[in-house]
Structures are given as C-alpha cells and as structure tokens.
Amino acid sequence: MNENEVAVPGRGMSRRTIVKGAAWSLPVIAAAVATPLAAASTTNCTATVSTSTATYTRLSATSSVFTWADLFGDGKDFTLTLSAVPNGAANMTINTTNNLVLDSSTQGNEALPSVRLSLDTVNLDNIGGGERVTFSFALDGVPSIVENLTYKIKDIDGFQALDGLGGAERVYLSAGAGTGVYNSDWIRGQGTSANPWRPFTGAPNVEVIPTNTGGNIAVTAATVGAFDLTFVANNSGRAGTDRPNQNIWVGPFSFTAVNPACLA
C-alpha cells in the first residue's frame, strides 16, 4: 500500500480500489435505465380522434380525404379516404356539385361537419340506382385498423315508393361494417342490401326537417379497416315531372386509431 491508499478495515481492499470499481459500474446502470424511458417517450400507441378536428380535402365529386397530421408523433399522417362510384342502374347519378362536400349546416338536429352524399334523379324507375362510397383508414398510406368507430347517417327520408317498402332513400353497409340504432317510428331495415335502412311507410311525414332526428341512424363498429356505404334512391312514387335531388349526411366519425409500431 502506497501513501495515497487508505486501508478499509476488515475488507482487505483499499478505498482507491473501491472508488475505481464504482466508476466503472455507474455508466452501465445509467444506460440500463435510460433506454426504456427514451423508447416510451417517442411512441404513442393509440389516439382517439374525430373528423371534426381533421383537415378535409375534397378532390372531386367522387374522391376526398380526412387527414390527421403526425397523429402518433412519428411524422406519419393518418387518413380516412372516401371514394365514390355509381351503384346499380342509371336512374340516379352522382351530383357533381354537392357530393362529398363537408357540410356543417343543421341536419338530423345537429350542426356538425358531416359529408353530404347527393344524387340526381334521371328517371323514376324502381331499379336501385345511386352510389357506393368506400371509406378506408390508413397510416402513411398503409391500410390500418381502427377501434370503436361511431358516426351518424342523417336525413334518410323521401316520398313513398311504389314497391311498398318505404320511402325513396335507402342506405346499407358492407358486411362487418357495424350496426345501427334508429327511431322505428321513422325508419325500418337492418342496413343490408337485402333489407336497407329506409323511411317507414307509416312515418309521420314524408320529409324529415333538419331539426328532426327521425331520419338518423347511429352506427357503431368495434373494429374496421375499410367499409362500403351504399346510398340509393327509389323515386318511383313521384309524379313524372317531379325529379328532386336526394341527399343524406354522414358523420362526424370518431374512432381510436392504433399505432402498428406498438403491436410489433
């Protein structure tokens, strides 16, 4: 033992030796603690959002997109894309001015930003013409699954059709796209192609005024990545010269997005 070393009683080891050992061990402990903390601080695993706070871009009468920029803090944008195509026969066509317009006017007794689906009447044939809109969720362009999706389909109404099944406007979803709750005094159906949601033949009025919730369907889906909503109109009960524009409103959409990075 030299003059700079001090003996530690009963240990057989100098104080200098202990200090040197501690100096080597401290960085190892620090690194072990810092690594998981850094990983946790840069990963957001879920985000519950609404289209009421998204950026909406209408690209055309048949294409639009909601965007949540950098939703998980990783520089990637989350999107809900809408793509519309004609459905069935040509008795109804897509209205190029109003279709897929984001509208905050009062519909279904609420003034919330909802997407307008709009059809023009070409003729009064009872052949199920309309449009099919595909809703697709994606993260940075990669298809994504969302949970607890909720939204409303509003203002389903219309003159009673000659098929005896209800009013003009009919709406249905693709399989697995969710279930709907509605006022049975106004609406009938199960939201399927064989049994679409439609105005009840005994509904109090032919048309639903904007401050009335009678034409609303509240839709929920536990998990979904993409789904189709089909909107058709059967104006066969009208006079030959009575060919109105038919409209419904869809939204706002609320859901929980899941970051795939947390599932790896």
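Helices and strands are here DSSP runs, numbered from the N terminus. With that numbering in hand, Glu110 can be placed in the loop between strand 8 (101–103) and strand 9 (114–121). The model is a predicted one, and its confidence is a good place to begin. The mean pLDDT of the protein is 85, with 83% of the residues reaching 70 or more. Residues 2–42 stand apart from this picture, as their pLDDT is below 50. Beyond near neighbours in sequence, that stretch has 13 contacts in the model.

We may turn next to the interior. The largest nonpolar core holds 48 residues, and the members that touch the most others are Phe78, Tyr151, Ile153 and Leu229. Ile153 gives a sense of how such a residue is surrounded. Leaving aside residues up to four places away in sequence, Ile153 is in contact with Val171, Trp197, Gly215, Asn216, Ile217, Val219, Leu229, Ile248 and Trp249. Leu229, then, is both a contact of Ile153 and another of the four core residues just named.

Charged pairs come next. A search of the whole structure returns four salt bridges. One of them pairs Glu110 with Lys152, with 3.2 Å between the closest N and O atoms. This pair links distant parts of the chain, since Lys152 belongs to strand 12 (residues 146–154) while Glu110 sits in the loop between strand 8 and strand 9, 42 residues away. The two partners differ in their exposure to solvent probes: Glu110 counts as buried because its relative accessibility is 14%, under the 20% limit, whereas Lys152 is partly exposed at 30%. Around Glu110, contacts outside the range of four places in sequence are made with Ser105, Lys152, Lys154, Gly251 and Pro252. Asn212 lies 102 residues from Glu110 along the chain, and the C-alpha atoms of these two residues are separated by 9.1 Å.

A further salt bridge is formed by Asp163 and Arg170, whose closest N and O atoms are 3.1 Å apart. Asp163 is partly exposed, with a relative accessible area of 27%, and Arg170 is buried at 7%. Salt bridges that share partners also build a network, which joins Glu110, Lys152 and Lys154.

Lys154 deserves a paragraph of its own. This lysine is placed in strand 12, and a relative accessible area of 1% makes Lys154 a buried residue. The side chains of Lys154 and Glu110 are joined by a polar contact of 2.9 Å. A polar atom of the Lys154 side chain also lies 3.4 Å from the backbone oxygen of Gly251. The wider surroundings of Lys154, again not counting residues up to four places away in sequence, consist of Gln107, Gly108, Glu110, Leu112, Ser114, Gly215, Asn216, Ile248, Trp249, Gly251 and Pro252. Gly215, Asn216, Ile248 and Trp249 are contacts of Lys154, and these four residues are also among the contacts of Ile153. Likewise, Gly251 and Pro252 touch Lys154 and also touch Glu110.

Away from this network, Arg132 forms a salt bridge with Asp228, the closest N and O atoms being 3.9 Å apart. Arg132 is in strand 10 (residues 130–139) and Asp228 in strand 18 (residues 226–233), so this bridge ties together parts of the chain that are 96 residues apart in sequence. Arg132 counts as partly exposed at 31% relative accessibility, and Asp228 is likewise partly exposed at 23%.

The last feature to report is a covalent one. The count of disulfides comes to one, and this link joins Cys45 to Cys262 with an S to S distance of 2.1 Å. Cys45 is found in the loop between helix 1 (15–41) and strand 3 (46–50), and Cys262 in the segment after strand 20 (254–258), so the disulfide ties together parts that are 217 residues apart in sequence. The link of Cys45 and Cys262 is left-handed, with -90 degrees about the S-S bond. Both ends are partly exposed: Cys45 has a relative accessibility of 36%, and Cys262 has one of 28%.

Notes
Residues numbered from 1 in each chain as written. Predicted model: local features only at pLDDT ≥ 70, side-chain atom pairs only at ≥ 80, totals over all residues. Heavy atoms only, no water. Core = buried A, V, L, I, M, F, W, Y, C linked by side-chain atoms within 4.5 Å. Buried < 20%, exposed > 50% of the residue type's maximum accessible area, 1.4 Å probe, protein only. Contact = heavy atoms within 4.5 Å. pLDDT = per-residue confidence, 0-100. Helix = DSSP H or I, 4+ residues; strand = E, 2+ residues; numbered from the N terminus. Disulfide = S-S within 2.5 Å. Salt bridge = Lys/Arg side-chain N within 4 Å of Asp/Glu carboxyl O. Polar contact = N/O pair within 3.5 Å; in protein donor to acceptor, adjacent residues only side chain to side chain.
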